[in-house]
Number of protein chains: 2
Amino acid sequence: MDHTTPRQRARLETEAHITQIGNRMIDDEGVAGLSLRAIARELGVVSSAVYRYVQSRDELLTILIRDAFTQIADAVDVALAEERSVETLALTMLKWSRAYPNRWALIYGTPIAGYEAPHEETTVPGTRIMVTLAALVAELTADAEETGQKSAYSADGNALTPLREGLEELGLDYGDDIIMETITIWVAIIGLINGLRFGQFGPGYDDVEGDLMTGVIARLGE
Amino acid sequence: MDHTTPRQRARLETEAHITQIGNRMIDDEGVAGLSLRAIARELGVVSSAVYRYVQSRDELLTILIRDAFTQIADAVDVALAEERSVETLALTMLKWSRAYPNRWALIYGTPIAGYEAPHEETTVPGTRIMVTLAALVAELTADAEETGQKSAYSADGNALTPLREGLEELGLDYGDDIIMETITIWVAIIGLINGLRFGQFGPGYDDVEGDLMTGVIARLGE
DNA sequence: CTGAAAACAAGAGCAGTGCTCACTTTTGTT
DNA sequence: AACAAAAGTGAGCACTGCTCTTGTTTTCAG
């Protein structure tokens, strides 16, 4: 049986409708195009009415950011279930960024001015992929050790302290070399996708984005 | 003798004043805080008056973007004259990003919504550092070859076509391995700085940013 | 079934933005 | 002194987020 009153159901529906419209607005015009007044118009309601459902534009932003993080992390999980490799992870992120470039910018681009992500709301979904990558790197390193190759990172381990603590909070304990390897691969992936999405390399990369990513990942795998 | 009339001089002064205020506003509140009306107030003039000096907010943005690109590229050039290495290049960019985080976001972050960089205006200063990096990589690769180490990148060279063409326009002709190496290092640098500046790794990195960059660069140097 | 309470919606209003346009004042030159 | 160009003015348009007061439903308990 259904324990939701019609009222509650209507509320949830409207909330879902708002986030849906919000997502579409971001897809269409970027985060700057996200307007509560425009949402109100589309809902056929006066502008102040949407404030019954969402406290502020920032709150809606938080919801949309969390959604985007969750979506891309889910996509990566699905793809990794098929083929577990760093390349798959990277190419899946790239593919998602092409499908939703403005959502990509929302989560991996410049922070929104005057907006502070509520940390507890967004940090967890926001770090999922990186944690997955660390696990992947750990697996591969373990394999490499069996075949006799040992990574030799011996720089100042203090540099990794903040990240190591973050992983420890999740109950994970990796060595410095694994963390260093993870962060290197991670920043390369993000950097490449950002460069492509933000047009920093100029035009003409449409057909070679995947190959470029594959090349970078291959280069990082020594 | 001076061939500028007092009138022309006043104009140039006001223009310089406007870009100076604009830079300060971006430093203070990010690109969203760049307001022509606020600039007018600070100039002690009515809002419509600034349109005598700047065609639109976007035009001012273009000026500030070009300035920022030029500034960071100059900083890199100066540092490289002291010590010519990839690490120096990377650390200089990192240092600049710490000094001017909002300007960094302006040039390497999410593109401004509804704003299209005029290409001819910004592309040249925007690619200076990357071109410098390519030259650096080429030098180092040449050194490595003398000592017998040869890089072996042999993936689909088509992926590099757009970049190779970009370099050829500047009269530069590098091999695929050098271009691939350059782009890998480049995206790692940008990715790491973006991650740090945009707070994607969480807090607590303030004292280890340099070590982190050094570690990544070292890892990329095999 | 009725009446109070809670939820929802309306509409005016505030302060801010970029930008335009008709108009006046200042300035430099002939 | 006359005149044209440049600079500055102020009103106005359309938009934004957000608040506050008023009115209207809908829900739910007595």
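**Figure 1. Contacts of Glu181(B) in the predicted model.** Glu181(B) touches three residues beyond its close sequence neighbours: Arg219(A), Val137(B) and Leu220(B). This view, like those that follow, comes from a predicted model. Glu181(B) sits in helix 8 of chain B, which covers residues 176–197. Is Glu181(B) buried or exposed? Glu181(B) is buried because its relative accessible area is 16%, and buried means under 20%. Its side chain also reaches across to chain A. A polar contact of 2.5 Å links the side chain of Glu181(B) with that of Arg219(A).

**Figure 2. Helix 9 of chain A and what covers it.** The partner of Glu181(B) in that polar contact, Arg219(A), is one of the buried residues of helix 9 of chain A. Helix 9 runs through residues 209–220 of chain A and has 12 residues. From first C-alpha to last, helix 9 reaches 17 Å, close to the 16 Å expected at 1.5 Å a residue. Which residues of helix 9 of chain A are buried? They are Glu209(A), Leu212(A), Met213(A), Gly215(A), Val216(A), Ile217(A), Arg219(A) and Leu220(A). An α-helix has 3.6 residues a turn, so residues three or four places apart point the same way. The cover over the buried residues of helix 9 draws on both chains. From chain A it includes helix 4 (86–99) and helix 8 (176–197). From chain B it includes helix 8 and helix 9 (209–220).

**Figure 3. The two protein chains superposed.** How many degrees of turn lay chain A on chain B? A turn of 180 degrees does it, with a shift of 0.0 Å along the axis and an RMSD of 0.0 Å. That is the relation of a two-fold axis. The same surface serves both copies, as 100% of the contact residues of chain A recur in chain B.

**Figure 4. The protein surface near DNA strand C.** DNA strand C is surrounded by 19 residues. The closest are Arg11(A), Ser48(A) and Tyr53(A) from chain A, with Leu36(B) and Arg37(B) from chain B. Of the atoms of DNA strand C that come within 4 Å of the protein, sugar and phosphate account for 49%. Helix 1 (6–29) of chain A and helix 2 (36–43) of chain B each supply at least two residues of this surface. Which element gives the largest share? Helix 2 of chain B does, with 3 residues. By class, the surface has 6 nonpolar, 5 polar and 8 charged residues.

**Figure 5. Polar atoms facing DNA strand C.** Ser48(A) meets a base: a polar side-chain atom of this residue lies 2.6 Å from a base oxygen of DNA strand C. Two residues of chain B meet phosphate oxygens instead. An N or O atom in the side chain of Ser35(B) is 3.1 Å from one phosphate oxygen of DNA strand C. For Arg41(B), the distance from a polar side-chain atom to a phosphate oxygen of that strand is 3.2 Å.

**Figure 6. The protein surface near DNA strand D.** Here 21 residues surround DNA strand D. Leu36(A), Arg37(A), Ser48(B), Arg52(B) and Tyr53(B) are the closest. Sugar and phosphate make up 53% of the atoms of DNA strand D that come within 4 Å of the protein. What part of DNA strand D lies 2.3 Å from a polar side-chain atom of Arg37(A)? It is a base nitrogen. The side chain of Arg52(B) also meets a base, with an N or O atom 2.6 Å from a base oxygen. Arg57(A) uses its backbone: one of its backbone N or O atoms lies 2.8 Å from a phosphate oxygen of DNA strand D. Helix 2 (36–43) of chain A and helix 1 (6–29) of chain B are the elements that give two or more residues to this surface. Helix 2 of chain A gives the most, with 3 residues. The residues divide into 7 nonpolar, 6 polar and 8 charged.

**Figure 7. Gly33(B) in its loop.** Gly33(B) lies in the loop between helix 1 and helix 2 of chain B. Gly33(B) counts as buried, because its relative accessibility is 15%. Asn23(B) is 10 residues away along the chain, and the C-alpha atoms of the two are separated by 10 Å.

**Figure 8. Glu168(B) on helix 7.** Glu168(B) belongs to helix 7 of chain B, residues 161–169. Glu168(B) is partly exposed, with a relative accessible area of 44%. From Glu168(B) to Val54(B) the C-alpha distance is 35 Å, and 114 residues separate them in sequence.

Notes: Residues are numbered from 1 along each chain as its sequence is written. Chains are lettered from A and ligands numbered from 1 in the order in which they are written. This is a predicted model: local features need pLDDT of at least 70, side-chain atom pairs count only at pLDDT 80 or more; totals for chains, interfaces and linings use all residues. Side-chain values use heavy atoms; hydrogens and water are left out. Helices (H or I, at least four residues) and strands (E, at least two) are DSSP runs, numbered from the N terminus. Buried means under 20% relative accessible area, exposed over 50%, partly exposed in between (1.4 Å probe, protein chains only). A polar contact is a pair of N or O atoms within 3.5 Å; within protein, one must be able to donate a hydrogen and the other to accept it, and residues adjacent in sequence count only if both atoms are side-chain atoms. Contact means heavy atoms within 4.5 Å. A residue is near a molecule or strand if one of its heavy atoms lies within 4 Å of it. Ala, Val, Leu, Ile, Met, Phe, Trp, Tyr, Cys and Pro count as nonpolar, Asp, Glu, Lys and Arg as charged, and the others, Gly among them, as polar. Copies are superposed by least squares on the C-alpha atoms of residues with pLDDT of at least 70 in both. The expected span of a helix is 1.5 Å times one less than its number of residues.
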